[in-house]
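Thanks for coming. I will go through a few features of one structure, starting with its internal cavities.

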Amino acid sequence: MAQSHEIDVLVIGSGPTGLTAANLLADSGLQVALIEKNPGSGDEPRAISATDETLRVMQHLGIMDKLGPEMLMDTGARYFGRGGKVIADVRPGSPRLGQPGKSQFDQPVMEGLLYEAALERSNLFLHYNTEATALKQDGECVIVSATRRGDASSGFNGAKAGDLGQGAHPASASSATELEFHASWVIACDGGRSFTRRELGIGLEGSTQMERWIVVDLLDVPGSPEPFASFHCNGTRPTVVVPGVKGRRRYEFMLFDHEDGDQMLSTASITELIAPYQDISTVTVRRAAVYTAHQRIADRYRKGRVLLAGDAAHLMPPFAGQGLNAGIRDAVGAAWRVAAVVKGEGSMQLIDDYELERRPHAASMVKLSKRIGWVVMNTNPAIARLRDEVITGTRLVPPLNRWLTGMRFLKQPHYTNGTVVKPMAGTPRAGQDLVGRMLPQPDVMVQGSAVKLDDLLAEGWNTIQVAAGQELIFTSQDGETRNAVDTGRVFDAAAGTVLLVRPDRYVAGIAPAHQRETLLRAMAAKAPVLANFGKSPQAAHG
């Protein structure tokens with residue numbers, strides 16, 4: 001007979017997306033279980049670029065003090081055209097979320113820190129060596145059957161195991177134990193080959209074109225890294241070079257159709273590929289692999305009480321650096337909505353809004369990644385020549401050049417549909433643009449000391465009144481108030497208003513300060529907790 005586990009939410013998959021979702025759900029007070037077929041967190045350096053929004057989430061989860069020193073912060077990108085000439089230097093515009101706009105990280109390190117954070121949360125139960133095998137659901141519950149190989153295990157930190165020279169994924173024991181998880185909701189973060197997506201019969205839309213690339217990760221690279229990734233758009237074999245801290249460096253080379261992947265991964269081939277850029281005789285090859293870049297998105301992000309997130313929901317080429325970042329957005333967007341519904345603080349409309357908000361933005365990132373790859377990695381000589389001329393020609397048109405070099409083509413989410421309300425009458429036009437976007441996170445002054453704005457936001461919903469003298473008045477859904485001074489005058493455009501801030505730090509609405517109650521009522525149908533906002537602590541869910 002299968003071992004039975006009763007929980008609020010089951011997360012399937014323990015990559016960065018799954019661990020982020022699980023940690024956030026646990027922080028909301030729910031009973032959470034996470035299952036992962038591998039024996040520990042990942043040790044493969046896959047994703048490598050993190051946006052300010054992702055790092056803000058890591059800040060919220062309390063791991064930035066350890067993650068920051070392992071990252072090359074505040075980086076840009078340099079594009080080399082035919083003949084090795086620099087055709088563009090690009091860097092994100094002025095950061096507004098309290099973290100650098102773009103930074104390079106090591107996925108095993110981030111994943112390992114998220115895993116360690118999960119271990120610290122007593123209401124988060126980890127089940128490694130445990131693979132989902134069946135799923136069924138009704139209107140109240142999801143039942144997931146799973147098989148555990150070997151003894152019960154809460155896993156291990158794959159990054160640390162690798163540092164010790166140990167195999168991060170040892171062979172599982174042959175004994176099998178059947179498990180059954182009864183959950184109110186499931187968030188499936190089980191990757192591009194998602195068992196959950198297949199089990200639910202959800203298809204993938206998009207191009208079936210598959211591009212193969214060789215990825216080589218090095219360790220012990222001498223010297224100080226330059227703060228940019230290099231895109232060598234040479235028209236022969238496009239190459240990407242991404243530096244990191246502590247001697248890390250990544251090379252990515254396009255693999256042509258006639259080339260055999262296994263042969264190209266030989267020591268001789270890797271040495272020949274990297275030779276134009278550096279000598280690798282004194283460095284360590286950490287990993288070399290061939291991967292395929294897909295351009296697909298799930299038909300739907302939800303079926304019943306199961307939500308898809310991360311690569312289970314979308315697969316995109318790496319050129320815009322958005323795969324992991326889109327997954328972290330999914331994790332946050334799914335976690336706060338599910339937590340609200342389980343706790344009786346949100347309606348099912350919130351769950352409907354998850355796909356309404358996240359799928360269009362993910363689809364746009366898939367398309368953008370494909371377009372960037374086509375432009376910068378094209379091997380057609382005529383197209384490569386024209387591309388170089390057009391990109392360098394933007395220098396003659398300053399607004400177009402700023403759009404390109406400031407990476408303004410990489411649009412951050414701006415939700416006009418979903419869990420947002422239209423700005424109330426009387427709201428300054430400049431302040432209306434805050435709605436549907438992530439709340440800025442400047443440093444603000446509290447009793448003479450500078451603190452990050454997020455330190456003043458409580459869990460759940462908040463309001464921020466922008467009062468005279470750059471004063472910000474924070475009110476939590478439990479009625480706690482805090483005051484700060486916006487010394488950077490970031491919120492001047494919203495003077496005289498009140499902002500309604502969602503649990504995921506997106507602005508749900510804005511109104512003149514005296515219309516705060518009207519604003520709260522406008523969102524109360526989706527978030528009933530707002531009907532008593534600021535009046536009394538919320539009772540724990542049953």
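**Cavities, salt bridges and one helix**

Sorted by class, the residues that line the largest cavity are nine nonpolar, three polar and eight charged. Before going on, I should say that this is a predicted model, and the values I quote are computed from it.

The largest cavity has a volume of about 130 Å³. Its lining is made up of 20 residues, and those that lie nearest the centre are Ile48, Phe105, Asp106, Gly244 and Arg248. As for secondary structure, strands β13, residues 239-243, and β14, residues 249-254, each contribute at least two residues to that lining.

How many cavities are there of 30 Å³ or more? The count comes to two. The second largest holds about 90 Å³ of space. It is lined by 16 residues, with Glu53, Arg329, Val332, Gly333 and Tyr506 closest to its centre. Three elements give two or more residues to the lining of this second largest cavity: α2 (52-61), α9 (323-342) and α10 (348-376). Which of them gives the most to the lining? That is α9, with six residues. By class, the lining of the second largest cavity splits into six nonpolar, three polar and seven charged residues.

Next, the salt bridges. A search over the whole structure returns 26 of them. I will take three pairs and one network.

The first pair is Glu357 with Arg502, whose side chains meet at 2.7 Å, N to O. Glu357 sits in helix α10 and Arg502 in the loop between β24 (497-501) and β25 (507-512), so this salt bridge ties together parts that are 145 residues apart in sequence. Are these two residues buried or exposed? Both Glu357 and Arg502 are buried. Note that α10 has now come up twice: it holds Glu357, and it also supplies residues to the lining of the second largest cavity.

The second pair is Arg489 with Asp492, a salt bridge of 2.6 Å, N to O. Here Arg489 is at 48% relative accessibility and therefore counts as partly exposed. Asp492, with a relative accessible area of 33%, is partly exposed too.

The third pair is made by Arg516 and Glu517, and the closest N and O atoms of this salt bridge are 3.4 Å apart. Glu517 has 37% relative accessibility, so it counts as partly exposed. Arg516, at 22%, also counts as partly exposed; the cut-off for buried is under 20%.

Then there is the network. Asp217, Arg250, Glu252 and Arg287 are linked by salt bridges. Arg250 and Glu252 fall within the residue range of β14, 249-254, one of the strands that supply the lining of the largest cavity.

Last, helix α4, residues 107-119. What span should its 13 residues have at 1.5 Å a residue? The expected figure is 18 Å, and the end C-alpha atoms are 18 Å apart, which agrees.

How much of α4 is buried? Twelve of its 13 residues are, so the helix is largely enclosed by the rest of the structure. The buried residues include the charged Glu111 and Glu116, along with Val109, Met110, Leu113 and Leu114. An α-helix has 3.6 residues a turn, so residues three or four places apart point the same way. In α4, the buried set runs through Gln107, Pro108, Gly112, Tyr115, Ala117 and Ala118 as well.

That is what I have on the cavities, the salt bridges and this helix.

Definitions and conventions. Residues numbered from 1 in each chain as written. Predicted model: local features only at pLDDT ≥ 70, side-chain atom pairs only at ≥ 80, totals over all residues. Heavy atoms only, no water. Helix = DSSP H or I, 4+ residues; strand = E, 2+ residues; numbered from the N terminus. Expected span 1.5 Å × (residues − 1). Buried < 20%, exposed > 50% of the residue type's maximum accessible area, 1.4 Å probe, protein only. 1 Å grid on protein atoms, 1.4 Å probe; cavity = no way out; pocket = protein on both sides within 12 Å on 5 of 7 lines; lining within 4 Å. Points joined across faces, edges and corners; volume = space filled by probe spheres on them. Salt bridge = Lys/Arg side-chain N within 4 Å of Asp/Glu carboxyl O.
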